[in-house]
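Okay, thanks for letting me go today. I'd like to walk you through one protein model, so let me put it on the screen.

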Amino acid sequence: MWRHHLGMAAAAGVLASLVSTPAAAQPRPAAVPGLAEISVTTTQVAFGLRRPTAIVAPDDGSGRLFITEKAGTVRAYHPTTGLAADPILSIQDRVSQTGNERGLLGIAASPGFAHDQTVYLAYTRVPDSAVTLARYRLTDGQIEELLNQEHATYSNHNGGHIAFGKDGYLYWGIGDGGDAGDPFRSGQRLDTLLGKILRLDVSRACDPLPYCIPAGNPFAGVAGARAEIWAYGLRNPWKFSLDPADGSLWIGDVGQGAFEEIDHLTAGGANLGWSCREGPQVFDPARCTPGATYTDPVFSYQTSVEGCSVIGGVVYRGSRYADLAAGTYVASDYCSNPAWALRKNADGTYSQAKIGEFPIQPTSFGTSADGEIYLVNDLPGQLHQVGFARKVDCSVAYRVDSQWGNGFTASVTVTNNGTTAIDGWSLRWTFENSQQVSNGWNAAVRQSDQAVSAAAANWNTKIDPGKSVTFGFLASHSGLNPPPKSFALNESSCR
C-alpha cells in the first residue's frame with residue numbers, strides 16, 4: 001500500500017494545476033458545479049474487515065462488492081445483507097505477510113465474471129515473497145499463477161493493485177523493489193518489471209506465456225525491454241484506476257520524502273521520472289538521462305509535511321451524484337485523510353480542491369458496478385460509501401429557551417447566507433455534556449450517542465437566500481448546556 005517503511009498511503013496537499021498529457025478533456029455536464037462548490041460525504045456501511053486492501057465489483061448483476069484482506073481472504077458485501085461473515089475465497093496458505101506491505105494486495109473481476117466466475121489476484125507469495133499475479137476460479141477454487149516478479153530483498157514497495165481497463169486488458173502496478181532511493185535503479189530500467197505499470201491480455205495464452213502481450217504495448221518488440229510494460233519511472237504505485245469513460249489511467253505514486261504525486265495518462269510509454277525525479281523536482285541528477293522526456297504529475301504535495309503516503313482514487317461516473325460530481329477524480333492520504341478532488345479542464349490544466357475529509361487510514365477506493373464510490377480503511381476495518389453534496393453558506397443560532405432540574409428546551413435557527421436556495425436540508429452537531437434529545441418540532445431530530453441530526457420537515461424543506469428556518473427540541477440533562485462547538489448543514493460547516 002504504502003510508504004517506505006511505514007507503508008500505506010500519502011500526505012495532504014499542496015495541489016498543483018499542471019499540464020499533463022495533451023489529450024482532450026472529457027466534457028462534463030454544464031450543470032456540474034465547480035469543485036469549490038461541492039463537499040464529500042461518507043456513510044459507514046460495514047465494519048469488521050481485517051486490514052482491507054482493495055475493492056472490486058463483479059459485473060454480474062448481484063450488486064456485490066469483493067474486498068480483499070491482507071492475510072489472504074476475500075469478503076463479499078451486499079447493500080441489503082451487509083458484509084458476509086465467511087470469505088468467498090481464502091489463499092492464506094499462499095500469501096506471505098512477512099512485512100507490513102506484503103500480503104493479498106489486489107483483486108480484479110474478470111470482464112466475463114457472470115459466466116466464468118473468475119477473479120484475478122495480486123499478492124506476495126510464500127515462500128519467496130515474489131509479487132504474483134494469479135487467476136482464481138470461484139466455482140472450484142482452482143488457482144493458476146500467471147506472472148511473478150522477484151521481490152525478496154526488501155519487504156516494502158510491492159505495489160499490487162490490478163484492474164481491467166476499458167480495452168479489456170489487465171493492468172498491474174509493481175513498486176521499485178523496496179528500501180529507499182531505488183537501490184536497484186528499477187524505475188528507469190526497462191529490463192525489469194519493478195517500478196512499472198504493466199498491461200496484459202489475460203484472456204488468452206501465447207506460448208510459452210500463460211498470457212499475451214497486447215499489440216499496442218509501447219515496448220513490445222523492443223530489444224532489452226520487458227514487453228509487459230505500459231508505463232515506467234514509478235516508485236510505489238499502490239493504487240491506480242482506469243476511467244471507464246475514456247480509459248485514461250490515474251496513478252497515485254508514493255513518494256520518497258519530498259513529494260507524493262498523482263499522474264494522469266492517456267497513452268502508454270510514459271516515463272514518470274523516478275528515480276531521476278520525485279514529484280515535480282529532481283531527486284537524483286545522476287539517475288537522469290539527457291534529453292529524456294519525463295511526464296509531470298498533475299497533482300503533488302509535500303511528504304512528511306502534509307501527509308505520509310498517497311492513496312490513489314477513482315473518477316466518479318455514477319448517476320446518484322452526477323449533477324454534482326460527474327467526471328471528478330477523488331483521492332486521499334493514509335495519514336491525513338483529506339478528500340482531494342481533481343478535474344481536467346478543456347485547456348489541459350487541472351482544477352483542484354480539498355472538498356472535505358475521509359475516515360482515518362484510507363487504504364483503497366473502489367466503485368460499485370453502477371459507478372458509486374466506496375472506501376475501505378486499514379485498522380478500523382470499515383467500508384464507507386462516498387457521496388457528494390453542494391456546499392452552502394450558512395449560519396446557525398442555538399439558544400437554550402428554558403431549563404429545569406434534569407431537562408431543557410432549545411431552539412435552533414438556520415440561515416441561508418448564500419445566493420441560491422437550499423432545497424432539502426439536514427443539520428448535524430455533537431453534544432459534549434451527555435445531553436439526550438427526546439423529541440423535536442419543525443424538524444425530525446434524531447440522536448446516536450452524542451451525534452445529533454435534524455432533518456427538514458415537509459413544510460420547511462426549502463430555505464431561500466437570506467431566509468431562515470427555526471426548529472426546537474426537548475432534551476434531558478442536569479448540568480450546564482453550552483451550545484455545540486460546530487454545526488454542519490448538508491455536510492458543509494456553518495458559522
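Let's begin with one residue, Glu228, which counts as buried at 5% relative accessibility. The cut-off for buried is under 20%, so Glu228 falls on the buried side. And before I go any further, please remember that this is a predicted model.

So what does the side chain of Glu228 meet? It forms a salt bridge with Arg226, at 3.2 Å from N to O. Arg226 itself is partly exposed, with a relative accessible area of 26%. If salt bridges are new to you, here's the basic idea: side chains of opposite charge can pair when their charged atoms come close.

Elsewhere, salt bridges share partners, and that joins Arg94, Arg125, Asp128 and Glu145 into one network. How many salt bridges does a search of the whole structure find? The count is 22.

Let me show you two others. In one of them, the side chain of Asp378 meets that of Arg51, 2.9 Å from N to O. Asp378 sits in the loop between β26 (373–377) and β27 (382–390), while Arg51 sits in the loop between β1 (38–47) and β2 (52–56), so this salt bridge ties together parts that are 327 residues apart in sequence. Are these two buried or partly exposed? Asp378 is buried, at 1% relative accessibility, whereas Arg51 is partly exposed, at 24%.

The other one is between Asp140 and Arg137, with 2.5 Å from N to O. Here Asp140 is partly exposed at 45%, and Arg137 is partly exposed too, at 32%.

Okay, on to the aromatic rings. The whole structure has 25 aromatic pairs. Let me zoom in on Phe299 and Trp340: their ring centres are 4.9 Å apart and their planes are at 85 degrees, so we call this pair edge-to-face. The cut-off for that label is over 60 degrees. Where do the two rings come from? Phe299 is in strand β20 (residues 299–302) and Trp340 is in strand β23 (residues 338–344), so to speak distant parts of the chain, 41 residues apart. Both Phe299 and Trp340 are buried.

There's also a cluster to look at. Ring pairs link Tyr398, Phe408, Trp425, Trp429, Phe431, Phe471, Phe473 and Phe487.

Rings can have a charge over them as well. Which ring does the charged end of Lys239 sit over? That's the ring of Trp238, with the charged end 4.3 Å from its centre. Then there's Arg235, which lies over the face of Trp274, 5.5 Å from the ring centre.

Keep Arg235 and Trp274 in mind, as both turn up again in the lining of the largest cavity. The count is one cavity of 30 Å³ or more, and the largest cavity holds about 70 Å³ of space. Its lining also includes Gly233, Asp253, Phe259, Glu261 and Arg277. Two elements, β17 (259–265) and β18 (277–278), give two or more residues each to that lining. By class, the lining has four nonpolar, three polar and five charged residues.

Last topic, the pockets. How much volume does the largest pocket have? About 830 Å³. It's lined by 35 residues, and the closest to its centre are Val56, Ala57, Phe164, Leu242 and Thr367. The elements that each supply at least two residues of this lining are β2, β7 (104–109), β11 (162–164), β15 (239–242), β21 (310–315) and β25 (362–367). Sorted by class, the lining of the largest pocket comes out as 18 nonpolar, twelve polar and five charged residues.

The second largest pocket has about 520 Å³ of space. Of its 22 lining residues, Val40, Thr41, Thr42, Arg428 and Glu491 are the closest to the centre. Here β1, β24 (350–357), β27 and β38 (492–494) give two or more residues to the lining. Which element gives the largest share? It's β1, with five residues. The classes in this second lining are eight nonpolar, nine polar and five charged.

That's my tour, and I'm happy to rotate the model if anyone wants another look.

Definitions and conventions
Residues numbered from 1 in each chain as written. Predicted model: local features only at pLDDT ≥ 70, side-chain atom pairs only at ≥ 80, totals over all residues. Heavy atoms only, no water. Salt bridge = Lys/Arg side-chain N within 4 Å of Asp/Glu carboxyl O. Helix = DSSP H or I, 4+ residues; strand = E, 2+ residues; numbered from the N terminus. Buried < 20%, exposed > 50% of the residue type's maximum accessible area, 1.4 Å probe, protein only. 1 Å grid on protein atoms, 1.4 Å probe; cavity = no way out; pocket = protein on both sides within 12 Å on 5 of 7 lines; lining within 4 Å. Points joined across faces, edges and corners; volume = space filled by probe spheres on them. Nonpolar A, V, L, I, M, F, W, Y, C, P; charged D, E, K, R; others polar. Phe/Tyr/Trp six-rings, centres within 6.5 Å; stacked < 30°, edge-to-face > 60°. Lys NZ or Arg CZ within 6 Å of the ring centre and 35° of its normal.
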